[in-house]
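Please work through the exercises below with the sequence and the model at hand. Each task is followed by a solution in steps.

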Amino acid sequence: MPTDEDGDVIMTDAAATAEAEAGAPPEEPEEPAAAPEEPAAAEAPPVEEGPPPEERTARAEAAKEEGNALLKAGDAKAAVAKYGEGITLAEPLLEKDPGELGEELQLRATTAYTALRLNSAQACLKCCEWLAAIEHADKVLLLDKDNTKALYRRGCASAQLNTESRLEQARADFARVATLDPANREVRGQLAKAKDLLKDLRQAEKQRLSAVMSGGLYQKEHAKLEGRQAAYQEEVQRRKDAGEDEISFEDWQKKEKEKEEEAKKKEKEEREKARTAELERQQRMEYNVEVERRREAGEEEVTFEEWLELERKRDEELRRERIGGVVQTDDADLDAEERRLLQETKSKGYYHGRLGTVLSDAAPKPQQVAGNAPSQDTTNGQIGSEWNQAGTWEEKDMTSWAKERLTAWLQQSFVSVPEVTMPSGQQATATAKVTRVKSLSGDAQLVTVRKKPKHGYNFEADLSFSLSFKGEEGGANESVNGNLSMPELADFVQPADLRIEAKWKGSGPSSDLKPLAVEWVDKLRENVRCQVSAFREEYQQRK
């Protein structure tokens, strides 16, 4: 059959030309309109445009397989194009009557079309084409509103757009999947992440508007600019006194930035070398202790490498014991807003105009202050306990509360992506998360000075984390564990500047996997900083 008559070009100029050459010009149906016999002729089977249904279905299925091969090979853009060919072939068959096609052929066509749309959404996620991924998932949801893959992939794409309406959509999608598939831990992590992103977005917008209204944002930027200009003038004067060439402000800024980046890079390399050396020293000490224990117990000796492998397996078993079996959940695990949202989507479907809406109860709720001293009556504008009517000075120990809340926030640190490319070229689901807060030492004090609360805290934290790369069916699974330490988790250190040191447990990842593992540890670091920022915001609400 000439390629001009293929279904994927049927709407192009080339298709119209092909129809004309075949003796079926587009204008011909209008000419016999005046003939009275035309209604009877309409009862005859219409002339099939493009391939017949059976061939369309077979070619759509073939396009799906070819697209899958391209996607596995890492060529996501080519896969999207190939899936598109199959979609163009299969989509017209969905409008046909089952009696015309036959139930078996209709089922095949619908199955192929659904798979093509879902795979297209997955490929678009890999290409960072978020809107296209959402469109493909929407098409599937029109056919099956509870398709978990479509809901999950639409949620992933919506979360990347980082607007309030899209994050609301992501949260709704993940909440629905969590209800339909209670054993899916990954989607619950994505749900928590979407909720955090939505909360951060609303808080950032609130702070931005507050800063603009008060002039604080302008003043801060103006002060930074004045500082840079003063430093530049000093450099201009130094060059003039030394007889050196003049330098523009832009060139000076560029050189200063390069110096800062070089200093940060050097500092990072030094920290990495020190961490590696310290890790090896600790491992050798532990190994020597184990050698001595085995000798005294009459057990078989092991090499250092064998001991590292045994430690890795032991840590993995402990992690599995902590996690336990399959997590069971139902609507009771969701908050009131999520239950309301799920009830709404069940009754109205997913296409009832949720995008662009704002929840009526989105505003933060006031929280009662815990502690021995009674909380103040906000209607009188008093801050502090009842005995401190003047509000001159009051100090309240918040250590217990801060440890509890900070631990809860840190344990929510979680990063996941449905598809990453492993060193072997295979696709895998990557997940990085904090598995346990091993230790959290320090204190927190809420000090009220002249009616102004100051929220102080100073902690040291040690966290356990895990990285997992789960391959597709038949693919290999990789996992590695480690520790994150924060030696200066304090109110005077901004979350963005928080120093988080990472150490591998055992021998760490293989040399091939290490670059990817390091990348995901950095992603987890950023999420931990976000959790600390959320804790600070919650702490600021305490009075």
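The exercises treat a helix pair, the nonpolar cores and one glutamine.

The model is predicted: local features need pLDDT of at least 70, side-chain atom pairs count only at pLDDT 80 or more, and totals for chains, interfaces and linings use all residues. Residues are numbered from 1 along each chain as its sequence is written, and side-chain values use heavy atoms, without hydrogens and water.

**Exercise 1.** Determine how helix H7 and helix H8 are oriented to each other.

*Solution.* Step 1: the axes of H7 (residues 130-143) and H8 (residues 148-161) come within 9 Å and cross at roughly 150 degrees. Step 2: H7 is therefore roughly antiparallel to H8 (the term applies to angles over 145 degrees). Step 3: the contact (heavy atoms within 4.5 Å) involves residues including Trp130 and Leu141 of H7 and Arg154 and Leu161 of H8. Step 4: by class, this contact of H7 with H8 comprises eleven nonpolar, two polar and two charged residues.

**Exercise 2.** Identify the element that gives the most to the largest nonpolar core.

*Solution.* Step 1: a nonpolar core is a set of buried Ala, Val, Leu, Ile, Met, Phe, Trp, Tyr and Cys residues joined through side-chain atoms within 4.5 Å. Step 2: the largest has 44 residues, and Leu467, Phe469 and Trp520 are among those touching the most other members. Step 3: helix H16 (514-540) is one of the elements giving two or more residues. Step 4: H16 gives the most, with ten residues. Step 5: another core, of 37 residues, lies apart from it and includes Ile87 and Phe174.

**Exercise 3.** Is Gln531 buried or exposed?

*Solution.* Step 1: Gln531 belongs to helix H16. Step 2: its relative accessible area is 3%, and buried means under 20% (1.4 Å probe, protein chains only). Step 3: Gln531 is therefore buried. Step 4: not counting residues up to four places away in sequence, Gln531 touches Asp196, Trp409, Leu410, Gln412 and Ser413.

Definitions and conventions. Axes are lines fitted to C-alpha atoms, for helices over the stretch in contact, and angles run from 0 to 180 degrees between N-to-C directions. Helices (H or I, at least four residues) and strands (E, at least two) are DSSP runs, numbered from the N terminus. Angles under 35 degrees count as roughly parallel, over 145 as roughly antiparallel, 65 to 115 as roughly perpendicular and the rest as oblique. Ala, Val, Leu, Ile, Met, Phe, Trp, Tyr, Cys and Pro count as nonpolar, Asp, Glu, Lys and Arg as charged, and the others, Gly among them, as polar. Buried means under 20% relative accessible area, exposed over 50%, partly exposed in between (1.4 Å probe, protein chains only).
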